[in-house]
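Hello! Here are a few friendly comments to read with the model open beside you. Take the points one at a time and find each residue as you go.

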Amino acid sequence: MRLIDFGGKGRSAAIMALAIIAPWVAGMAAGETAHGMVASFGAYLLGVSFPRLPPSGRVPLLLVSAIAISLFATLGASVSLGSGLFFAGAVIAALAQCLGELKGGYLRLPIALGALAYFLSVGQVPAAGIPAYGLSFLAGTLWAGIFVSLAIPLAVSPPESGRLALATDSGQRRFAAGMVGVALAGSGIACFLPGSHPCWLPAAGLRVMKPTRQQTLYRMKARGLGTTLGAAAGGLILGLSPIPWLHAALVGGLVFTMLMIGAKKYAPWSFCLTAIALAFNLQADGSVLEITANRVLLTIGGIALAALILPLLANARKS
């Protein structure tokens, strides 16, 4: 039973989409578009982290998730592309996502999106500086948490969870090595790439990584086309940034579509995830075609990195 009945999936999705872009709209109205966009980015990542919520303990779960995603974003904003701290952060993000995938449960997706926030926050600091970026991001996640707690349905049964056994399970260790390998290789290549979001390369690679070879290959097939098309759509939407109200409205429409689709429909959900994530950009540069081509090539490059790691991953155990 929910605290508020939003009247079905469509109405709940519409309310969530409006809540996510509300900080952005408020920022534009107040002449602080950059801070509003950052807050909406945080609200978006928290808002799509939970297809279901546990019957009890929702508030601590949402609070931990909001803080974790915001810390990753602040860390990304705090490092310089190519620095030692940048690579250290990439390893931390990859290992966190690795542990989240292995453990499963309600925190799996928030941690994965936290890793995404790290990479997409590199080089995205507004004029007010890193503390303002982090606080805006945290404010957005906390704002979205209110609506998530009210609008997202409760789980009938808990999500699948596993057991962390890195010390004894060679398959888990190989997955961890693969995640770190994709993060470091992608981050290294990103240092030499043009554009305002070169770190989408390692982020795209990590998005398709799963603990076994079969799972990763399936994810690459299921999400590859959606992610690539989403990168193109994100570039096109970003090209509308000189028209901020239209820019925000299109992002809101995609958020609504994403929530209606649901994460189980991997390809269209990944299309929306990618397009929205890349539409949040404080430093768009180049023409629409240049931005779009750049995002598509980065996505293809990231998936190619994950493909190179496939032989390292364990085969799925037959039941």
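The numbered points below go from confidence in the model to helices and then to single residues.

1. Please keep in mind that this is a predicted model. The mean pLDDT of the protein chain is 87, and 93% of its residues reach 70 or more. The start of the chain needs care: over residues 1–6, pLDDT stays under 50. For that stretch the model has 18 contacts beyond four places in sequence.

2. Now look at helix 1 (residues 9–29) together with helix 6 (residues 130–151). Their axes come within 9 Å and cross at roughly 175 degrees. An angle over 145 degrees counts as roughly antiparallel, and therefore helix 1 is described that way relative to helix 6.

3. Which residues make this contact? From helix 1 they are Ser12, Ile15, Met16, Ala19, Ala22 and Pro23, while helix 6 brings in Trp143, Phe147, Val148 and Ala151. By type, nine of the contact residues are nonpolar, one is polar and none is charged. As background for reading such lists, residues three or four places apart point the same way because an α-helix has 3.6 residues a turn.

4. Stay with helix 6 for a moment, since Ser149 has its place there. Is Ser149 buried or exposed? Its relative accessible area is 14%, and the cut-off for buried is under 20%, so Ser149 is buried. You can also find Gly47 from here: Ser149 and Gly47 are 102 residues apart along the chain, yet 9.7 Å separates their C-alpha atoms.

5. Next comes Ala183, in helix 7 (residues 170–190). Ala183 has 0% relative accessibility and so counts as buried. What does Ala183 touch, leaving aside its neighbours within four places in sequence? Its contacts are Ala90, Ala94, Phe119, Pro202 and Leu206. Arg58 gives you another pair to locate: Arg58 and Ala183 are 125 residues apart in sequence, with 31 Å from C-alpha to C-alpha.

6. Finally, try helix 11 (residues 266–279). Its 14 residues reach 20 Å from first C-alpha to last, close to the 20 Å expected at 1.5 Å a residue. Helix 11 is mostly covered, with 10 of its 14 residues buried. Among them are Trp269, Ser270, Cys272, Leu273 and Thr274. The buried residues of helix 11 also include Ala275, Ile276, Ala277, Leu278 and Ala279.

How values were computed
Residues numbered from 1 in each chain as written. Predicted model: local features only at pLDDT ≥ 70, side-chain atom pairs only at ≥ 80, totals over all residues. Heavy atoms only, no water. Axes fitted to C-alpha atoms, helices over the stretch in contact; angles between N-to-C directions. Helix = DSSP H or I, 4+ residues; strand = E, 2+ residues; numbered from the N terminus. Parallel < 35°, antiparallel > 145°, perpendicular 65-115°, else oblique. Contact = heavy atoms within 4.5 Å. Nonpolar A, V, L, I, M, F, W, Y, C, P; charged D, E, K, R; others polar. Expected span 1.5 Å × (residues − 1). Buried < 20%, exposed > 50% of the residue type's maximum accessible area, 1.4 Å probe, protein only. pLDDT = per-residue confidence, 0-100.
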